[in-house]
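Work through the exercises below with the sequence and the structure side by side. Each task is followed by a solution that goes step by step.

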Amino acid sequence: MTIDGDDGPRFDPDGIDRRGFLECMTWAGTGLLWSVAAGLPAAIGMRQALAAPAATPFTFLQISDSHVGFDKPANPDARATLREAIAKIKTLPSKPAFMIHTGDISHLSKDKEFDDADQIIGEAGIPVFYVPGEHDLIDEGTGAAYLARYGKNAKGAGWFSFDQNGIHYVGLVNVVNLKAGGLGNLGDEQLAWLKDDLAGQSASTPIVVFAHIPLWTVYPDWGWGTSDGAEALSYLRRFGSVTVLNGHIHQVMQKVEGAIAFHTARSTAFPQPAPGTAPSPGPQKVPAGELRKLLGIATVDFVRGSEPLAIIDRPLDG
Amino acid sequence: MPPIQSDSALTRRAALLAALMPPLFIHIPAAAEDAAPNVTVIRIENFSFTPAGLTVPPGTTVTWQNNDDIPHTVVSPQKVFRSKPLDTGDRFSFTFAEPGVYSYFCGLHPHMVGTVTVAR
Ligand SMILES: [Cu+2]
């Protein structure tokens with residue numbers, strides 16, 4: 001991936017960074033299928049896979065866009081598919097240390113939706129770190145309900161950082177104070193906090209950044225990007241390993257840019273179309289038998305001493 | 001509608017109208033009663049406002065209706081109006097009394113923008 005000036009992330013003509021490390025695997029049937037990130041040679045993925053089992057991997061989990069309360073034709077029961085996603089966690093080969101939820105927990109920010117989400121997600125029995133999606137901030141108090149429930153240890157609109165197993169994690173909020181015609185937005189106060197937060201970290205510390213809307217520009221016509229995301233990424237370039245995890249677009253998308261790996265997770269509620277393939281980014285209606293192939297969760301494995309974090313997307317059906 | 005004959009006739013007619021009509025229509029100004037009904041609907045479909053640009057006379061009530069499977073909001077950046085989240089089928093109305101150009105957007109999906117121009 002080349003970076004042109006300060007314009008932030010951009011695709012090469014073929015969309016590939018050949019210096020990159022990220023592999024994506026999909027869980028299918030009884031085995032691991034390697035669907036290697038856009039054109040990366042499969043052999044690299046296989047070597048990595050064979051090398052990995054020497055150490056016990058540390059795993060955490062990403063879940064996103066549960067939209068509890070959604071009941072439209074694309075998925076008449078988003079609670080049921082969230083339950084299936086949580087049940088899937090219990091079948092994982094190694095138990096994740098914790099879970100991050102990258103927003104749109106609820107569909108309409110209703111107390112009942114948050115209550116049900118908490119109850120279902122709580123069944124996983126592991127700690128959960130949340131950042132809000134735009135659907136979580138449409139209560140009367142425009143986010144007061146979310147902050148009261150999930151933001152007790154957070155700053156500002158709900159951003160925070162923490163350290164675990166040698167990794168520094170940063171949860172960002174890019175769904176408040178959105179401007180007409182614009183994209184996701186972090187804002188100056190949060191950017192100043194982020195700069196300060198990262199200043200204390202060694203360049204060799206792996207960094208995981210997560211937020212609801214992609215921090216890189218996926219498709220501006222549908223608002224899939226963050227207007228000041230490039231500024232945030234500029235603070236991350238000195239680090240040797242950065243993983244950026246987002247949701248919002250209800251499909252897996254990824255790229256690698258230098259030492260920064262970008263990845264978006266599936267929703268547990270409904271799929272959305274690939275950029276530009278439909279008149280709008282509205283819920284994608286698919287045959288009932290196909291739905292669970294397009295919903296899912298992601299696990300992230302970290303092996304101490306090996307640079308990349310391996311992200312495994314795991315559909316509900318497969 | 002018969003032509004208006006006098007102020008007192010107008011007042012009587014307005015009072016009668018108010019008594020007979022369902023509450024939704026009471027706020028429509030009586031002076032406009034023999035013009036075309038000045039209620040206009042903007043449809044929210046496929047993450048777009050249709051029509052995105054609309055010109056209406058002062059006093060018009062504009063109603064936005066969400067036909068998408070996803071909630072949207074209607075927000076004036078100048079804080080002239082702001083809807084609650086509109087789920088599928090929900091409506092929001094605002095009556096534009098003063099001439100001017102009123103831009104608005106969806107607070108959930110800010111790439112969705114529209115303009116209501118109020119002119120005589
Ligand atoms: Cu919207």
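Two strands count as paired if DSSP finds at least two bridges between them. The model is predicted, and the solutions should be read with that in mind.

**Exercise 1. The open sheet of chain A**

Task: Establish the strand order of the open six-stranded sheet in chain A, and explain why E6 and E10 stand at its edges.

Solution.
Step 1. Following the strands across the sheet gives the order E6-E7-E8-E9-E11-E10 in chain A, and the pairing is mixed.
Step 2. Strand E6 (160-164) and strand E10 (253-257) of chain A each have a single partner strand, so one side of each is left without a neighbour in the sheet, and these two stand at the edges. Averaged over this sheet and with direction ignored, neighbouring strands are turned by 15 degrees against each other.
Step 3. Between E6(A) and strand E7 (residues 167-171) of chain A there are five bridges, and the two strands run antiparallel; with at least two bridges required, they count as a pair. Within this part of the sheet, A:Asp163 is found opposite A:His168 of E7(A).
Step 4. Helix H5 (residues 188-199) of chain A lies across E6, E7 and strand E8 (207-211) of chain A, and its direction makes an angle of about 175 degrees with E7(A).

**Exercise 2. The copper site of chain B**

Task: Identify the protein donors of the copper ion, and decide whether B:His72 is buried or exposed.

Solution.
Step 1. The donor atoms are ND1 of B:His72, SG of B:Cys106 and ND1 of B:His109, which lie 1.8 to 2.2 Å from the copper ion.
Step 2. Along the sequence, these donor residues follow the spacing H-x33-C-x2-H. B:His72 belongs to the loop between strand E4 (60-66) and strand E5 (91-96) of chain B, while B:Cys106 belongs to the loop between strand E6 (100-105) and strand E7 (113-118) of chain B, so that the pair links parts of the chain 34 residues apart.
Step 3. B:His72 has a relative accessibility of 0% and therefore counts as buried, and B:Cys106, at 0% as well, is likewise buried.

**Exercise 3. The contact between chains A and B**

Task: Describe the interface of chain B with chain A by its residues and its buried area.

Solution.
Step 1. On the side of chain B 18 residues take part, and they are in contact with 26 residues of chain A.
Step 2. The buried area is about 1700 Å², with carbon and sulfur atoms giving 67% of it. Within chain B, the residues that lose the most area to chain A are B:Asp69, B:Leu108 and B:His111, together 32% of what that side buries.
Step 3. Three salt bridges are counted between the two chains. A:Glu140 and B:Lys84 meet through their side chains in a salt bridge of 3.5 Å, N to O.

**Exercise 4. A salt-bridge network in chain A**

Task: Which residues are joined with A:Arg149 into one network?

Solution.
Step 1. Begin with the side chains of A:Asp115 and A:Arg149, which meet in a salt bridge of 2.9 Å, N to O. A:Asp115 lies in helix H3 (residues 111-122) and A:Arg149 in helix H4 (residues 144-150) of chain A, 34 residues apart.
Step 2. A:Asp115 is partly exposed, at a relative accessible area of 38%, and A:Arg149 is partly exposed at 27%.
Step 3. Through salt bridges that share partners, A:Asp111, A:Asp115, A:Asp118 and A:Arg149 form one network.

Notes: Residues numbered from 1 in each chain as written. Chains lettered and ligands numbered in written order. Predicted model: local features only at pLDDT ≥ 70, side-chain atom pairs only at ≥ 80, totals over all residues. Heavy atoms only, no water. Helix = DSSP H or I, 4+ residues; strand = E, 2+ residues; numbered from the N terminus. Axes fitted to C-alpha atoms, helices over the stretch in contact; angles between N-to-C directions. Contact = heavy atoms within 4.5 Å. Donors = N, O, S within 2.8 Å, 3.2 Å for Na, K, Ca; no water. Buried < 20%, exposed > 50% of the residue type's maximum accessible area, 1.4 Å probe, protein only. Buried area = accessible area lost by both parts, 1.4 Å probe. Salt bridge = Lys/Arg side-chain N within 4 Å of Asp/Glu carboxyl O.
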